[in-house]
Protein chains: 2
Amino acid sequence: MSETWDNLVAISRELTDLGTAAKLLDWDKAVMMPPKGATARARAVATITGIAHERLTDPKVGETLDVLLDDDSLDDDQRASVRIFKREYDKATKVPQELVFALAEVSGLAYSAWTEARPASDFSILQPHLEKMVSLKKEQADALGWEVERYDALLDDFEPEMKTSEVVSLFEELTSGLKPLAEKILDAAGEPPEFLTAELDGENQKAFSDWLVVKLNFDLERGRLDQSPHPFTMPVGAGDVRQTTNVRKNDFRSAIFATIHETGHALYEQGLPEEWADLPIGSVPSLGMHESQSRLWENQVGRSRAFCEFMLPHLKELFEKELGSLDPGDFYRGVNHVRRSLIRIYADEVTYNLHVAMRFEIERKMFRDEVDVADLPEVWDEAMERYLGVRPPDAADGVLQDMHWSIGALGYFPTYSIGTLYAASLFKKANEDLGDLNEDFRAGDTSRLLGWLQEKVYSQGYRYSAKELQEKVTGRPLSAQPFLDYIDEKYSEVYGL
Amino acid sequence: MSETWDNLVAISRELTDLGTAAKLLDWDKAVMMPPKGATARARAVATITGIAHERLTDPKVGETLDVLLDDDSLDDDQRASVRIFKREYDKATKVPQELVFALAEVSGLAYSAWTEARPASDFSILQPHLEKMVSLKKEQADALGWEVERYDALLDDFEPEMKTSEVVSLFEELTSGLKPLAEKILDAAGEPPEFLTAELDGENQKAFSDWLVVKLNFDLERGRLDQSPHPFTMPVGAGDVRQTTNVRKNDFRSAIFATIHETGHALYEQGLPEEWADLPIGSVPSLGMHESQSRLWENQVGRSRAFCEFMLPHLKELFEKELGSLDPGDFYRGVNHVRRSLIRIYADEVTYNLHVAMRFEIERKMFRDEVDVADLPEVWDEAMERYLGVRPPDAADGVLQDMHWSIGALGYFPTYSIGTLYAASLFKKANEDLGDLNEDFRAGDTSRLLGWLQEKVYSQGYRYSAKELQEKVTGRPLSAQPFLDYIDEKYSEVYGL
């Protein structure tokens, strides 16, 4: 190994360690921190991420990378690490420091304006901050550089190497297939069954989540499951992947499906190659690919008839009084109930992607200067009607429902649906390779599927971009068809269409 | 304010934030971390403390301090901060980097040798590492510099501005008074009562600890109480002070007195002046002063007859079956039972200080080249007999019982007893100022005492050295007499001597 390569590894290790500190500070903030620790904590996170930025943008890092880009003695994996590191370095150095600070500042202000604006259902509280945010994000995109359209630069932060034009055509395929399908399903769906909102003991719900993650092979020697208001997964460091869930008294779907969702993220993190833990290729290739695993485990596994049949007896044991007489078919149909919803995060797996596609359409127009921030409430309501056939009664349940824009997460939304498409595509291939998995699921045994994902996806780390990886694994370019087929087949059966 | 002063504040803030990250990594390691996260965690801690060391020893820091040392426009508090910062800077820069690394390395090796040596009761496993450690600590002391004796340099790390000669004379006063007193008490003490080892439900013991810290005015909005194998207190950051305790099935004194002990540390941390949170004077002046608060709350408050009478009814509620018929007098005498013990950490408040004085005698001789590491087992056993009248049956319960030496905490032990002396001296003064506190304690009301400590000690931060602070508060130089009087009075009453 060259000395220059060793230098890169040392830099990468230091960044990994700073990342561990920053991630633990964040995890702890959401799960453990006493309320009055917030101010000091925010500054500590800013200091640690500032130091990481300073280390990453050190000109010596650039020199090291330039030498390694020309080093023919590196193997493919090393070359991949150098390439990813170079991307990160370029991104970090291209954006002027003042712009980084300005973005951090407006993000703080806009987020806190959003927390005020939403309960008040008053977009005007957020508007000036969001205008500033969008204008700064345009500057940032221009500093990073783009060829075809500005949105490419934003998207690249979350779904590296995917272009806006690809998302446009994927989403066209997705929505044109999904809208008529959703119409048909929604017409048949009727009202949600009452058992979904039964009041269930919180401690027993927690016990169910604890049982569930173990059944799904989440390794508690290398991770934890805790509670937090918003479920999330945080890979603190090698051998330490933390997920949280959120128990809701009157909606036990959270304790089941938010848990399976996060377990999907967590299994991916626990399956990353340990020998690359300190190198750029030891991570996931994109947010979309990450989301593919939460979706695949939550929906293709968790919401399958077979896995529902596996879970129900244990639920009945814990909640004899409330669920003791529940029929397996009713349970399955209930947790897959489809309806026209205003709120994305409560949407079912059918309509969810229409929420996402609609946000992508609006975001893209903002960055093509076709929509002004001031017009967002109206644009939102019109799009909701067009995509989902409902009109929000107010801004709180409309344009103000998500915090993403306020914190500058622009270009992020599409990854939710890209993940959905990866998931359906990978799951189709897994079934082709492994044969029918339903008998496994009915017995609560997901190990064959996990082994397949481990080999094909998790162990690959960031050796390839997400797009390349999905093509390599499935042998097919990414398309919405596997997802549309999955939805059509599943819901035709559920609703006897 | 001068720009140079602002520079110092900025440096101090960054060090505080790095400290927050390092402390959270440590707290989490003891309380939350899954077992297989240990390797990555150890490296992350090393990286963060390495960066903090790099920032602290930046020559620009030295230049900033030199300018400020000559700046007449600073007020007393600023001057105190500059003085403390300068001490830290000098210490950090005087020790060569290779020596720092060598110490860290031998510390890792010696600690892991100790974890092997103790269960095997085999000093020879530890000996070569400890020899290396002592030799490196001598080098470190010489690099730091000393005038009268080498031990001064070690002691200064834990009890700044106190000299070995002062400890020698304090400990002479302490042991010469304590030995005959302890003899008399030990002769009268008899066997420990059986209720001390009753098996009590762990969850109820936790509930008792939770109740206790609230009664003692530990602020849960600015802190947490958790469980860990070894109780400790960690001030993670402003508004975030964490303590742990340890529930033991067959010894409920841990859930009571380890909790009160840590609460003493935690109240001190929560009482430090918030406006100085980022400055050197916003911390505690010494380990001894810190320990004074854990001891004062544990012993002078927690083990007082009045506070025992306050606690007992709630204990009876929780443990009706096991403690329902316990007499308050028996409870008080039981939790104050005195005996000849081999193990320091299980010693009562009377004999505890003989354990400490004995370690100080040995440590000091090592650094005066009067005792070789190879002879420690023999030297230990002889000293135990001389100080405590017992001879360890083996090395495990003798020279190998504490881990301190293996991790290089040499010069640390005396602070345990210095803290005991501060505690007795401060408590005496509090009683003089406030009048008898027993009626308060009997009602579970420690707020007058806390208010007094808050004003006199906690709110002073590190404005003065511990020695100066105790003199300022009590109007008397530090002496062992208040402690000896307290022991004499309390145990004469307990045992009717």
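**Exercise 1. A buried acid and its partner**

Task: In this predicted model, decide whether A:Glu149 is buried or exposed, and find which side chain it meets in a salt bridge.

Solution.
- Step 1. Take the accessibility. A:Glu149 has a relative accessible area of 8%.
- Step 2. Compare with the cut-off. Buried means under 20%, so A:Glu149 is buried.
- Step 3. Look for the partner. The side chain of A:Glu149 meets that of A:Arg364 in a salt bridge, 2.8 Å from N to O.
- Step 4. Place both ends. A:Glu149 sits in the loop between helix H6 (123-144) and helix H7 (151-155) of chain A. A:Arg364 sits in helix H15 (residues 352-367) of chain A. The pair links distant parts of the chain, 215 residues apart.

**Exercise 2. Two further salt bridges**

Task: Find where the partners of the A:Asp397 and A:Arg118 salt bridge lie, then do the same for B:Arg386 and B:Glu361.

Solution.
- Step 1. Start with chain A. The closest N and O atoms of A:Asp397 and A:Arg118 are 3.9 Å apart. A salt bridge needs these atoms within 4 Å, so the pair qualifies.
- Step 2. Locate the two residues. A:Asp397 is in the loop between helix H16 (376-388) and helix H17 (414-434) of chain A. A:Arg118 is in helix H5 (residues 97-120) of chain A. They are 279 residues apart.
- Step 3. Check exposure. A:Asp397 is partly exposed at 27%. A:Arg118 is also partly exposed, at 26%.
- Step 4. Turn to chain B. The side chains of B:Arg386 and B:Glu361 meet at 2.7 Å, N to O. B:Arg386 lies in helix H16 (residues 376-388) and B:Glu361 in helix H15 (residues 352-367) of chain B, so the salt bridge ties together parts 25 residues apart in sequence.
- Step 5. Check exposure here too. B:Arg386 is partly exposed, with 37% relative accessible area. B:Glu361 is buried, with 18%.
- Step 6. Set these pairs in context. Over all chains, the structure holds 96 salt bridges.

**Exercise 3. Where the chains meet**

Task: State how many residues each chain brings to the contact, and which helix gives the largest share of the chain B side.

Solution.
- Step 1. Count residues. Chain B gives 37 residues and chain A gives 37 residues.
- Step 2. Take the area. The two chains bury about 3,000 Å² between them, with 57% of it on carbon and sulfur atoms.
- Step 3. Count the polar links. There are 10 salt bridges across the interface. The chains also show 18 residue pairs in polar contact.
- Step 4. Find the contributing elements on chain B. Helix H1 (3-31), helix H2 (38-56), strand S1 (223-227) and strand S3 (240-245) each supply at least two residues. H1(B) gives the largest share, 11 residues.
- Step 5. Zoom in on one bridge. B:Arg55 pairs with A:Glu54, the closest N and O atoms being 2.8 Å apart.
- Step 6. Widen the view. A network of salt bridges links A:Glu14, A:Glu54, A:Arg55, B:Glu14, B:Glu54 and B:Arg55.

**Exercise 4. Checking a helix**

Task: Work out why the end-to-end distance of helix H5 (residues 97-120) of chain B agrees with its number of residues.

Solution.
- Step 1. Count the residues. H5(B) has 24.
- Step 2. Get the expected span. The rule is 1.5 Å times one less than the number of residues, which means 34 Å for H5(B).
- Step 3. Compare. The end C-alpha atoms are 35 Å apart, which agrees.
- Step 4. List the buried side. B:Leu99, B:Leu103, B:Val106, B:Ser107, B:Ala110, B:Ala113, B:Trp114 and B:Ala117 are buried. Helix H6 (123-144) of chain B is among what covers them.
- Step 5. Look just past the end. B:Ser121 takes a positive phi of about 55°.

**Exercise 5. The nonpolar cores**

Task: Find how many residues the largest nonpolar core has, and which helix gives the most to this core.

Solution.
- Step 1. Size the core. It has 126 residues. Those with the most contacts inside it include B:Ile256, B:Trp297 and B:Phe331.
- Step 2. Name the helix. Helix H8 (residues 164-189) of chain B gives the most, with 11 residues.
- Step 3. Follow one residue. Beyond its sequence neighbours, B:Trp297 contacts residues including B:Leu216, B:Ile260, B:Leu449 and B:Tyr458.
- Step 4. Look for another core. A second, separate core of 120 residues includes A:Tyr151, A:Val301, A:Ala306 and A:Leu421.

Key. Residues numbered from 1 in each chain as written. Chains lettered and ligands numbered in written order. Predicted model: local features only at pLDDT ≥ 70, side-chain atom pairs only at ≥ 80, totals over all residues. Heavy atoms only, no water. Core = buried A, V, L, I, M, F, W, Y, C linked by side-chain atoms within 4.5 Å. Buried < 20%, exposed > 50% of the residue type's maximum accessible area, 1.4 Å probe, protein only. Helix = DSSP H or I, 4+ residues; strand = E, 2+ residues; numbered from the N terminus. Contact = heavy atoms within 4.5 Å. Buried area = accessible area lost by both parts, 1.4 Å probe. Polar contact = N/O pair within 3.5 Å; in protein donor to acceptor, adjacent residues only side chain to side chain. Lists of a residue's contacts leave out its neighbours within four places in sequence.
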